[in-house]
Number of protein chains: 2
Amino acid sequence: MGVHSVFVKDAVRIPTRRAIVDLPDRQSFPTLTDVARAAGVSTATVSRCLNTSGKVSGATRERVMRAVETLGYTPNFGARALAAKRTFTIGAIIPTMENAIFARGLQAFQETLHDKGYTLLVSSTAYRPDREAEQIRTLVARGADGLLLIGYERDPEIYDFLRSRRVPVLLAWAHQTGNPHPAVGFDNRGAMAALTRAVLAHGHTAIAVISGILRGNDRASERLAGIRGVLQENGLDPHALPVIETAYDIDNGARAFATLMQACDRPTVVMCVNDVLAAGAMQQARAMGIAVPEEVSITGFDDIELARLVTPQLTTVHVPHRQMGSLAARELVRMVETKGEGVSHELQSALRLRASLGRRG
Amino acid sequence: MGVHSVFVKDAVRIPTRRAIVDLPDRQSFPTLTDVARAAGVSTATVSRCLNTSGKVSGATRERVMRAVETLGYTPNFGARALAAKRTFTIGAIIPTMENAIFARGLQAFQETLHDKGYTLLVSSTAYRPDREAEQIRTLVARGADGLLLIGYERDPEIYDFLRSRRVPVLLAWAHQTGNPHPAVGFDNRGAMAALTRAVLAHGHTAIAVISGILRGNDRASERLAGIRGVLQENGLDPHALPVIETAYDIDNGARAFATLMQACDRPTVVMCVNDVLAAGAMQQARAMGIAVPEEVSITGFDDIELARLVTPQLTTVHVPHRQMGSLAARELVRMVETKGEGVSHELQSALRLRASLGRRG
DNA sequence: TTGTAAGCGTTATCAT
DNA sequence: ATGATAACGCTTACAA
């Protein structure tokens, strides 16, 4: 069975998991043939009217379009996919729809896609790599013309599979200079490094981190690496950094914060790998009667709306999600339509210094 | 052209908007025929292995599955859709992915769908009815086996179209007793009425409302009607109620709040039609130095995470979004598979009284 | 249990 | 500019 076993094994079972159920005769609708007959032309001509611009005389086109309208004709997607080997469908697989950062980026992604005549197919993985592999197969089997995936890190055999199926893939939410994979994103490590420098500049040295699960999540691990790198730069021991790793979720952020504050030496600042965890930390701080930023500072990452709604407002890193989604859509469509290689785009993130980060010393 | 003109007119243009682009020969993959040959059986047998449970002898099935694996066969979606007239795809059209309430419900919807072997196709309309009509056509053209739509209110010709195409449709996020359309949701009016009673019980009589755009949004208008109804019940004039109608969005909530508070008689409570608007109102209150709830109370609707993150925490109505999504998935699949009529389910919402609502008088 | 073969509704190649 | 017609890959009677 070799290396690919797990991945390939149920490649076919996914889309066929359940028996086809009897579907009481769904009435059938006008087809190309009906339109052709009504317009007194061949099906080829009708198809041309619908798909290509020139190639058909004005009079004929007129007649055909009238027939289309009268009959209420709608093209059959399956037949079209079968014949054209094209679906005008783009798949996107994201960790979750519940975090605003993906929701917002995806919204922009789908709007741009829609403008270009493509439909978006979305699924989410709950941050589970096995689920992602499964979703990728499903979307490919459904004939997605291209795929948007989040981040770089995944099993190489997934990339092999994708390459073998010749499906254009664009990565988003991350950008690593030098990595050959086409991606539209930003430098997670650099952004977090910049934030860490700001934290140090505020006089903090006792830093603790609340991180998302690192395994399979390069955005999280890059951000953590950004913090560690700056500590090292400044002669602090990156290995002494307390890090709590937990699933992205408000309650987990709260719990992690509680744990950190119960330790014997409390940190003076808690850096969270995203705003959701930071919001949880803030909530817990209030619950424990710990003043932010007087007793402890808290920082986030992403700059979702939450960041400005909590009190005090959250110091964080702003990421241009909408721009990223929209640019990714344009780039991916380009890749699909030109069969081109895909160009990476690095977007800029920006520090947002707000009241949750205070001065120390 | 008659009544249906606008709707029917470009029924065919949508999915074919752009010319088919040359797609350099995408390599071709093993087909059913290849598998059949490799396993030494007919294509029919392979198909049966993949789709039906009994009907094939153990030995044969074994051989076929081995062939499938070795070849790395994946069924062709278009061909399958064409032959079976089934896609195992469910479409959902929501106003926006950016509001957590839809994101969360949709996440649950898709998870349940996935468990049942269906794929979810999502699009969003930005609360624009014309966009919704367009998306509905697109999804139907793509062979969605069923559709999930939000709320009841839409152009009757859309319902006609859907009926004529025999596409099962389930509504969500709303439930109106007596309305024959199958829906999984809750009583928006009743829920808001309950909240309003609580507000009155806190001694408020000077109420103002920040509402979403009412046109085409029955959830919003039902909620508003809930408030008005209770005012009337209590001998207050529902027509004297100040209402600001604005798009769902934090900044709009803030602006609307500012307007209300600049009026000569300030309300003692601002009821917002959802939590997002309420969060904006809270933000603005802080910016204007208006104490909540001492000077003015604020209420929301939905109980998204935001509600507990803001200070003071938001009094709101809790809606079981995940349960709604999951139940909707089960019901819609049932409708699709049984060609059944669709059963409505009313879920219960619940008051969440928190600090943003204070006592007056 | 298995095989044969007729569609399914398009697109696209080749003629004309 | 238009028309015939052969794919496209699968499902499903109907036969054996």
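**Exercise 1.** In this predicted model, find the loop of chain B that holds Pro312(B), and determine whether the peptide bond joining Thr311(B) and Pro312(B) is cis or trans.

*Solution.* Begin with the elements on either side: Pro312(B) belongs to the loop that runs between helix 13 (306-309) and strand 10 (316-318) of chain B. Next, read the omega angle of the bond between Thr311(B) and Pro312(B), which is about -5°, and the bond is accordingly listed as cis. As background, most peptide bonds are trans.

**Exercise 2.** Locate Pro293(A) in chain A and describe the peptide bond that leads to it from Val292(A).

*Solution.* Pro293(A) sits in the loop between helix 12 (275-288) and strand 9 (297-299) of chain A. The bond from Val292(A) to Pro293(A) has an omega near 5°, and this peptide bond is cis.

**Exercise 3.** State the sign of phi at Phe88(A) and at Phe88(B), and decide for each residue whether it is buried or exposed.

*Solution.* Take chain A to start with, where Phe88(A) is placed in the loop between helix 5 and strand 1 (89-94). Phi of Phe88(A) is near 55°, which is a positive value although the residue is not glycine. For comparison, most residues other than glycine have a negative phi. The relative accessible area of Phe88(A) is 6%, and because buried means under 20%, Phe88(A) is buried.

Now turn to chain B, where Phe88(B) is found in the loop between helix 5 and strand 1 (89-94). Phi of Phe88(B) is likewise positive, near 55°, and with a relative accessible area of 5% Phe88(B) is buried.

**Exercise 4.** Describe the protein surface near DNA strand D by residue class, and identify which residues come nearest to the strand.

*Solution.* There are 26 residues around DNA strand D, and those that come nearest are Thr45(A), Thr60(A), Leu32(B), Ser47(B) and Tyr73(B). On the side of the DNA, sugar and phosphate make up 67% of the atoms of strand D that come within 4 Å of the protein. Sorted by class, the surface near DNA strand D consists of 12 nonpolar, 10 polar and 4 charged residues.

**Exercise 5.** Which parts of DNA strand D are approached by the side chains of Arg48(A), Ser47(B) and Arg80(B)?

*Solution.* For Arg48(A), a polar side-chain atom lies 2.9 Å from a base nitrogen of DNA strand D. For Ser47(B), a side-chain N or O atom is 2.8 Å from a phosphate oxygen of the strand, and for Arg80(B), a polar side-chain atom lies 2.9 Å from a phosphate oxygen. The elements giving two or more residues to the surface near strand D are helix 3 (43-51) and helix 5 (77-84) of chain A, together with helix 3 (43-51) and helix 5 (77-84) of chain B.

Key. Residues numbered from 1 in each chain as written. Chains lettered and ligands numbered in written order. Predicted model: local features only at pLDDT ≥ 70, side-chain atom pairs only at ≥ 80, totals over all residues. Heavy atoms only, no water. Near = heavy atom within 4 Å. Polar contact = N/O pair within 3.5 Å; in protein donor to acceptor, adjacent residues only side chain to side chain. Helix = DSSP H or I, 4+ residues; strand = E, 2+ residues; numbered from the N terminus. Nonpolar A, V, L, I, M, F, W, Y, C, P; charged D, E, K, R; others polar. Buried < 20%, exposed > 50% of the residue type's maximum accessible area, 1.4 Å probe, protein only.
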